[in-house]
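Welcome! Let's explore a protein structure together, one question at a time.

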Amino acid sequence: MANDLAKVVQKKTGIGSPLLDIEDLKVYYNTVNGVSKAVDGVNLSLKRGEILGIAGESGCGKSTLTTALLRLTQPPGYIAGGSILFHTAEEQAPLDLLELGGEALRAVRWRHLSYLPQGSMNALNPVLRIKEQFLDVMLEHSKIGKREALKMIPTLLAQVNLEPYVINMYPHELSGGMKQRVVLAMAIALNSDLVVADEPTTALDVHVQRIIIQMLADLRDSLGMTVILVTHDMAVHAQLADRVAVMYAGGIVEVGDVHQIFKTPKHPYTRGLINSIPRIGGERIRLDGIGGNTPSPRNWPSGCRFHPRCQHVMPVCKQEVPPLLQVVHRHSLDGEHQPLVACHLYSQPGLGGNHDDE
Amino acid sequence: MDRFLLAILSLWRSSRKVQVGIVIMVFFILLALLHTPIAALIGHGTDPLEISVNAPWQQPNIQHWLGTDRYGRDVLAMTVTGLTASLEVGVIAGLLSTVIGTVVAFVAGYMGGKVDSFLSSFTDVFLVVPSFPLLITLAAYTNNVNLVSVAVLLAVFSWPFAARTIRAQVLSLRSRPYVELAKVTRMNAFEIIFQELLPNLLPFIGVGFANAALGSIFALVGLEVIGLGPGNVLDLGLMLNWSQAWGALSLGAWAIFVAPVVVLALLFFSVNLINIGLEEVYNPRLRKTAGA
Amino acid sequence: MMTSENNLAMQDVTQIFRGAAMRSIGGELRAVDNLSLNLNANPPQIVSLVGQSGSGKSTLARIILGLPRPTEGSVTYCGKNIYALSGKEYETYRRDVQPVFQDPYGIFNPFYRVDRVFWTAIKKFKLTSSSRQGLARIEESLHAVDLRPEDVLNRYPHQLSGGQRQRVMLARIHLLQPKFIIADEPVSMLDAAVRVLFLNLLIDFTQKYGMTTLFITHDLSTAYYVGGEIRVISRGKIVESGSVEKVLIHPSHPYTQMLLASVPVPDPDARWQEKARIASEEEVILVEKPEIEAIG
């Protein structure tokens with residue numbers, strides 16, 4: 001399958017170079033009871049060719065973050081600050097996605113940035129057959145001609161495990177899993193730089209989940225596409241992500257390599273999250289979960305937003321918001337791959353950066 | 001009880017439109033409730049509606065803010081009194097049709113099956129039959145019409161609308177988990193309808209009532225303008241009829257025509273405002289700011 | 001006459017739905033197909049019923065709770081058909097079999113305060129004689145699920161979190177002390193961290209209070225976590241049963257094997273090596289949200 005994909009579209013170059021830099025992004029909502037700060041100062045960097053997972057539970061703001069990234073924020077939501085810098089392959093200065101409008105935004109959509117929504121959501125036009133959807137998208141957003149596009153479609157569908165007869169069907173005749181795969185095929189066709197997958201396996205039948213997960217991995221491996229994977233399901237991150245960013249209460253609390261997040265989570269919230277995942281097989285041990293309740297975006301706790309639920313809470317936690325800093329292992333010189341944590345447990349006064357004593 | 005007040009208060013706070021609508025309606029209701037002392041005030045002790053006491057066809061002046069009619073009756077007093085009668089008809093017809101409609105809706109929606117099919121078809125018949133021509137025919141045949149019988153007549157034609165909306169809501173609520181929990185906790189059908197479903201449907205029933213009442217008022221006005229209403233009760237529709245019959249406009253007595261029209265328009269406007277405001281509150285996508 | 005053994009069972013139950021939307025699949029849907037299930041109160045145990053959406057598991061839960069009458073087959077409690085019980089026997093059945101539903105947002109009537117679910121139960125089952133006694137028992141039940149009475153009583157449902165609401169349901173069960181708990185996807189709509197806390201409570205309830213639980217879920221790992229017995233359901237039939245260790249670690253039925261192969265393992269070192277393909281007959285094309293009417 002890997003070789004077939006590469007026949008259809010060109011594999012991307014520039015693996016490892018920066019693709020996206022989100023700086024201090026704030027997305028707020030106007031409510032009758034005050035301002036809801038759903039995303040409150042998010043910093044995130046993405047490199048080409050990696051799958052970055054964004055993990056977090058309901059109310060953490062990850063859906064708001066996704067819609068802001070795709071410029072789909074609707075009133076009463078609004079961008080309250082920050083920037084999203086997108087580095088395109090052509091050697092230009094990075095684009096601030098938040099500054100784009102109209103034509104420029106349409107040019108970026110699909111060509112550079114495509115969206116894979118939740119399984120049962122309709123990203124597909126209900127009155128067009130699948131063939132026409134493909135043509136619509138391909139002719140609009142790329143330089144592929146109509147005849148060439150028509151030839152590509154069956155191959156693209158085969159890559160996502162769909163039979164050719166799907167070409168003439170309407171979206172409502174397809175199951176959720178099939179629609180997911182059609183949208184994936186479109187992303188492949190256009191060779192988008194970045195695919196934002198929002199809960200790609202939720203609401204799908206379980207046997208389709210594995211296919212979707214494997215396909216997303218394929219996009220990265222054979223085509224060098226970059227994927228932002230947003231899901232609350234930690235097992236999906238374990239299977240798919242290269243790095244994971246853990247989100248809580250509107251901000252990022254930890255970013256690290258997927259192995260590090262699962263084996264040696266640093267932030268108490270991440271630890272609680274990992275300690276909430278039941279597994280099949282092995283000794284049956286009691287999991288502890290995380291006590292307390294999710295805070296409300298209209299009224300975030302002071303200082304570190306996790307402090308009401310944290311077992312290691314200290315006085316400084318209630319007063320100061322811990323910044324997201326690199327944890328530097330004493331014996332490692334390479335700062336590149338060190339995890340980022342926002343927690344006072346790891347900051348010592350008088351020294352730059354965080355230190356991990358474990 | 002406090003829950004009701006809190007709910008109304010939060011409704012009040014949530015939408016400017018609802019506020020304006022409620023203010024207008026409350027103003028008219030107060031006027032209607034106080035129509036006797038107001039009439040006395042206007043008449044300065046004498047009955048402003050007595051025939052041939054004051055000079056007829058006066059233009060608006062200090063003594064008669066809206067002038068007088070053909071028989072010298074103060075137009076403002078007529079408007080206030082007429083408003084009362086119209087509202088009375090509206091309330092009675094509204095109440096009656098709401099009660100009938102609600103009962104039918106609950107029985108049909110909760111029981112489902114054949115009962116629902118039968119009742120829904122029954123409702124549909126009333127919806128399909130053109131009500132106004134039928135009303136005219138019925139009104140033409142009844143000789144001694146008083147307020148209450150007119151109200152009953154009007155109710156007969158307005159209950160299906162409420163029934164439809166409420167039935168749809170009952171259908172959506174009856175499969176909620178808390179209804180299943182109630183069944184498992186051995187609540188019987190009556191208890192479930194009255195304790196579980198009814199409280200959650202009060203907003204719909206309230207709005208249904210307001211719409212039915214307004215619809216009835218306008219139906220009556222329609223009848224009276226043609227001359228088929230109860231001619232012995234002074235209400236807004238009758239004023240319109242008189243203004244037409246006497247050629248008031250050509251005589252320059254605009255108030256007797258304009259006053260009822262303005263009042264009716266404002267009533268209609270206020271109920272619509274409340275409707276739209278409530279819809280914005282309940283349908284988040286229409287809102288400019290998000291609710292709680 | 002009820003037998004002395006506390007036993008809740010379904011025998012050869014079939015549930016057929018018919019409706020306009022079913023025309024595309026032949027006019028009728030066999031949500032439950034000739035299924036038998038047996039739950040014993042002695043010894044108290046957890047039986048997980050695992051299936052995907054459309055497998056019939058939720059229909060089964062409602063049938064066992066006596067909500068729709070099955071098209072064919074019977075549901076018995078202590079040996080007697082639940083639709084042929086005397087008044088007293090019916091009351092016992094209703095008290096001894098209690099549900100936990102999936103949607104924490106739908107289980108409370110938004111018009112009333114949360115404590116109403118307790119008082120309704122107390123009133124309907126005549127649990128106490130005075131309101132002071134009632135309040136004491138309510139507080140005791142709340143403590144049993146790690147909730148503080150002052151956080152919960154006098155609050156309205158929208159003021160509590162999803163996890164708190166599900167725990168209030170469990171507290172209500174503690175109040176009633178049933179023999180059987182029918183839990184239909186009780187944690188599917190809860191966050192992972194809260195989920196585990198609730199499951200711990202459910203496990204404790206089974207052991208401490210002797211309540212046999214039918215735990216219905218689509219999530220195999222939660223079924224493994226609660227332990228006990230497991231039944232795998234697909235298209236209205238039970239395809240495999242046994243202990244959780246046997247079925248989930250050494251599955252024999254191909255459907256169970258497929259389920260296990262598809263569940264992502266939460267361990268980055270244990271990624272799938274082989275690529276799976278979908279058999280095209282697995283694709284079922286359905287019209288969304290049919291308006292269905294049960295027969296019978």
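The questions and answers below walk through this predicted model.

Q: How confident is the predictor in chain A, and which residues have pLDDT under 50?
A: The mean pLDDT of chain A is 83, and 89% of its residues reach 70 or more. There is still a stretch where pLDDT stays under 50. The model has 17 contacts beyond four places in sequence for that stretch, which is residues 350–358 of chain A.

Q: How many helices and strands does chain A have, and what percentage of its residues are buried?
A: Chain A holds 11 helices and 13 strands. Its length is 358 residues. A residue is buried if 20 or more other C-beta atoms lie within 10 Å of its own, and in chain A the buried share is 47%.

Q: Among contacts in chain A between residues at least 6 apart in sequence, what percentage join residues at least 24 apart?
A: Start with the contacts in chain A whose two residues are at least 6 apart in sequence. Then pick out those that join residues at least 24 apart, and the share is 65%.

Q: Which strands are at the edges of the open sheet of 4 strands in chain A?
A: Let's read the sheet across: the order is β2-β1-β4-β5, with antiparallel pairing. An edge strand pairs on one side only. In chain A, that description fits β2 (34–47) and β5 (95–96).

Q: Which residue in β4 of chain A stands opposite A:Y29?
A: Strand β1 (residues 18–31) and strand β4 (residues 77–86) of chain A pair in the antiparallel sense. There are 8 bridges between these two strands. Opposite A:Y29, in β4(A), stands A:G77.

Q: At about what angle does helix α2 of chain A run to β2(A)?
A: Helix α2 covers residues 62–69 of chain A. This helix lies across β1, β2 and β4 of chain A. Relative to β2(A), helix α2 runs at about 65°.

Q: Is the peptide bond from A:P75 to A:P76 cis or trans?
A: A:P76 is in the loop between α2 and β4 of chain A. Omega for the bond from A:P75 to A:P76 is near 5°, and the bond is cis.

Q: Which helix supplies the largest share of the largest nonpolar core?
A: This core has 181 residues, and A:I228, A:L229, A:V246 and A:I252 touch the most other members. The largest share, 10 residues, comes from residues 176–190 of chain A, which form helix α6.

Q: Is A:N191 buried or exposed?
A: A:N191 is in the loop between α6 and β7 (194–198) of chain A. Its phi is positive, about 55°, although A:N191 is not a glycine. Because A:N191 has 20 C-beta neighbours inside 10 Å, it counts as buried.

Q: Which helix of chain C gives the largest share of the side that touches chain A?
A: Here 38 residues of chain C are in contact with 42 residues of chain A. Helices α7 (192–209), α8 (220–226), α9 (244–249) and α10 (254–262) of chain C each supply at least two residues of that side of chain C. By class, the side has 22 nonpolar, 8 polar and 8 charged residues. The largest share, 7 residues, comes from α7(C).

Q: How far apart in space are C:D204 and C:S221, C-alpha to C-alpha?
A: C:D204 is part of helix α7 of chain C. In sequence, C:D204 and C:S221 are 17 residues apart. In space, their C-alpha to C-alpha distance is 18 Å.

Q: Which residue is the bridge partner of C:V50 in β9(C)?
A: Strand β9 (residues 229–234) of chain C is mostly covered, with 5 of its 6 residues buried. The strands β3(C) and β9(C) run parallel and are joined by 4 bridges. In β9(C), the partner of C:V50 is C:V232.

Q: Which residue in the turn between β9(C) and β10(C) has a positive phi?
A: Strand β10 (residues 237–243) of chain C runs antiparallel to β9(C), and 6 bridges join them. One opposite pair is C:V232 and C:E240. The two strands form a hairpin with 2 residues between them, and the turn residue with a positive phi, about 50°, is C:R235.

Terms used. Residues are numbered from 1 along each chain as its sequence is written. Chains are lettered from A and ligands numbered from 1 in the order in which they are written. This is a predicted model: local features need pLDDT of at least 70, side-chain atom pairs count only at pLDDT 80 or more; totals for chains, interfaces and linings use all residues. Two strands pair if DSSP finds at least two bridges between them. Two residues are in contact if their C-beta atoms, placed from the backbone, lie within 7 Å. Axes are lines fitted to C-alpha atoms, for helices over the stretch in contact, and angles run from 0 to 180 degrees between N-to-C directions. A residue is buried if 20 or more other C-beta atoms lie within 10 Å of its own, exposed if 12 or fewer, and partly exposed in between; C-beta atoms are placed from the backbone. A nonpolar core is a set of buried Ala, Val, Leu, Ile, Met, Phe, Trp, Tyr and Cys residues joined through C-beta atoms within 7 Å. Ala, Val, Leu, Ile, Met, Phe, Trp, Tyr, Cys and Pro count as nonpolar, Asp, Glu, Lys and Arg as charged, and the others, Gly among them, as polar. pLDDT is the predictor's confidence in each residue, from 0 to 100.
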